[in-house]
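Let's go through this one by asking how each label was earned. Have a look at the fold first, and then we'll get into it.

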Amino acid sequence: MDARIVLLPGDGIGPEIVAQAERVLQVIAERHGHHFQLSSHPIGGCAIDEFGDPLPESTLDACRESAAILLGAVGGPKWDDPHAKTRPEVGLLKIRKELGLFANLRPINPHPALLDSSPLKRHIIEGTDILFVRELTGGIYFGDSGVHENGDGKSAFNTMTYSQEEVKRVVRVAATAALKRRGKLTSVDKANVLEVSRLWRHTAEQIVKSEFPTLEYEVVLVDAMAMHLISRPTDFDVVVTGNMFGDILTDEASMLPGSLGLLPSASVGESGPGLYEPIHGSAPDIAGKGVANPLATILATAMLLRHSLHLEAEAVAIETAVSQVLNDGHRTADIAQSGETAIGTVAMGDLVLSALAS
Ligand code: IPM
Ligand code: MN
């Protein structure tokens, strides 16, 4: 296969972890006889520094012409000034919107070798296998917003809007995934309070009842879901929800496998390239120290090969290599238990490469 893959390392630990994923892609290409044309482009804070724009036109053009995109992370304290003209995160939101990446897939499968690195008890998390499908280009992230000057200070507002079409397409992605898994779909909303959630609930139910009648289907309120996720995570298969609820619940769910450093995500649309990234952020506190865990990004590479390039065997090869490294007891600082030696970013990359070669 000949495929163009765009790398967007971004800020903070982004460049360090994407470098390891790039090595993995090169080894996969050599071993399986593919040609991946890789090119790096700026996004986020580094793009603001260079171009004054967190998503330069040249980056967006390169992404549009690619088969898939691998992103590190964006943001950092350097660009946090509330009075700044723009922010790194704007680049990420814009690329999602511009490429129509409305469905964000975030799998949560605690690795058996790491069950004791979770802050939760082993018997609660053992057997957890959840796929979150987070709506990514609508809701409160993209609604009208503004700031008003009142007599006695300012007030600010954001609005949460969903159209039925937006709900339908993301529910279809989630329901289709559920059919290929354990056949259960949970839709999460706040329909006891929000009008937009009542429309979401009604629309989701219509789609499931008419197009996916064999699914086991339930609705759960978002506050209750926050609780169920840590009290009975094994009860869930596919969970579909809106943009902000999905953002919050997936960070919470990341504690089930023990570390944000292990979780990949895929953002996909109706057609065109998908965007693959770790779900963690740019971790400015450890950037440049060579200690970040590259496994989430390496696992995002596996998702990229599977979903955008349809290279299932290659994706499985990467996942198996990562699993072997963890089974062999190798740990970066974020997943090392007290008494265990922590290895650095490049050493972890080296181990995945040698597991791939074995
Ligand atoms: C995520 C991140 C982003 C989001 C930020 C960086 C804009 O937290 O991908 O979950 O809120 O979507
Ligand atoms: Mn988030």
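Q: Which elements each supply at least two residues of the lining of the second largest pocket?
A: Keep in mind that this is a predicted model. In it, strand S3 (68-73), helix H4 (88-98), H9 and strand S12 (274-278) each give that pocket at least two lining residues. H4 has the largest share, with four residues.

Q: What makes a residue part of the lining of the second largest pocket, and which ones sit closest to its centre?
A: A lining residue needs an atom within 4 Å of a pocket point. For the second largest pocket, 21 residues line the space, and Leu92, Asp247, Ile279, His280 and Gly281 are the closest to its centre. The space itself comes to about 430 Å³. By class, you get nine nonpolar, five polar and seven charged residues.

Q: How do you know which domains the lining of the second largest pocket draws on?
A: Just check where the residues come from: domain 1 (1-111 + 258-358) and domain 2 (129-255) each provide at least three.

Q: What about the largest pocket: what is its volume, and which residues are closest to its centre?
A: Its volume is about 930 Å³. Of the 30 residues lining the largest pocket, Pro107, Leu131, Met303, Arg306 and His307 are the closest to the centre. Among the elements that each supply at least two lining residues are helix H10 (295-307) and helix H11 (312-327). The class count for this lining is 18 nonpolar, six polar and six charged.

Q: Why is a space called a cavity rather than a pocket, and how many cavities of 30 Å³ or more does the search find?
A: A cavity is a space where a 1.4 Å probe fits but cannot get out, whereas a pocket is open. The search of the whole structure finds one cavity of 30 Å³ or more. The largest cavity holds about 100 Å³ of space. Its lining has 14 residues, with Met160, Tyr162, Trp200, Gly242 and Phe245 nearest the centre.

Q: Why is the pair Arg306 and Glu319 called a salt bridge?
A: The closest N and O atoms of Arg306 and Glu319 are 2.9 Å apart, and the cut-off is within 4 Å, so the pair qualifies. The two ends are 13 residues apart along the chain, Arg306 in helix H10 and Glu319 in helix H11. In general, side chains of opposite charge can pair when their charged atoms come close.

Q: What makes Arg306 and Glu319 "partly exposed"?
A: That label covers what lies between buried, under 20%, and exposed, over 50%. Arg306 has 22% relative accessibility and Glu319 has 27%, so both count as partly exposed.

Q: How do you know that Arg87 and Glu89 make a salt bridge too?
A: Same test: their N to O distance is 3.3 Å, and that falls within 4 Å, so the label fits. The structure holds 24 salt bridges.

Q: Why is there no disulfide between Cys46 and Cys63?
A: A disulfide needs the two sulfur atoms within 2.5 Å. The sulfur of Cys46 is 13 Å from that of Cys63, its closest cysteine sulfur, so they're too far apart for a bond. The total for the structure is zero disulfides.

Q: Is Cys63 buried or exposed, and what makes it so?
A: Cys63 has a relative accessible area of 0%, so it is buried, the limit being under 20%. Cys46, at 26%, counts as partly exposed.

Note on methods. Residues are numbered from 1 along each chain as its sequence is written. Chains are lettered from A and ligands numbered from 1 in the order in which they are written. This is a predicted model: local features need pLDDT of at least 70, side-chain atom pairs count only at pLDDT 80 or more; totals for chains, interfaces and linings use all residues. Side-chain values use heavy atoms; hydrogens and water are left out. On a 1 Å grid over the protein atoms alone, a cavity is a set of points where a 1.4 Å probe fits but cannot get out, and a pocket is an open set with protein on both sides within 12 Å along at least five of seven lines; lining residues have an atom within 4 Å of a point. Grid points are joined across faces, edges and corners, and a volume is the space filled by probe spheres set on the points. Buried means under 20% relative accessible area, exposed over 50%, partly exposed in between (1.4 Å probe, protein chains only). Ala, Val, Leu, Ile, Met, Phe, Trp, Tyr, Cys and Pro count as nonpolar, Asp, Glu, Lys and Arg as charged, and the others, Gly among them, as polar. Domain bounds come from an automatic or database domain assignment. A salt bridge is a side-chain nitrogen of Lys or Arg within 4 Å of a carboxyl oxygen of Asp or Glu.
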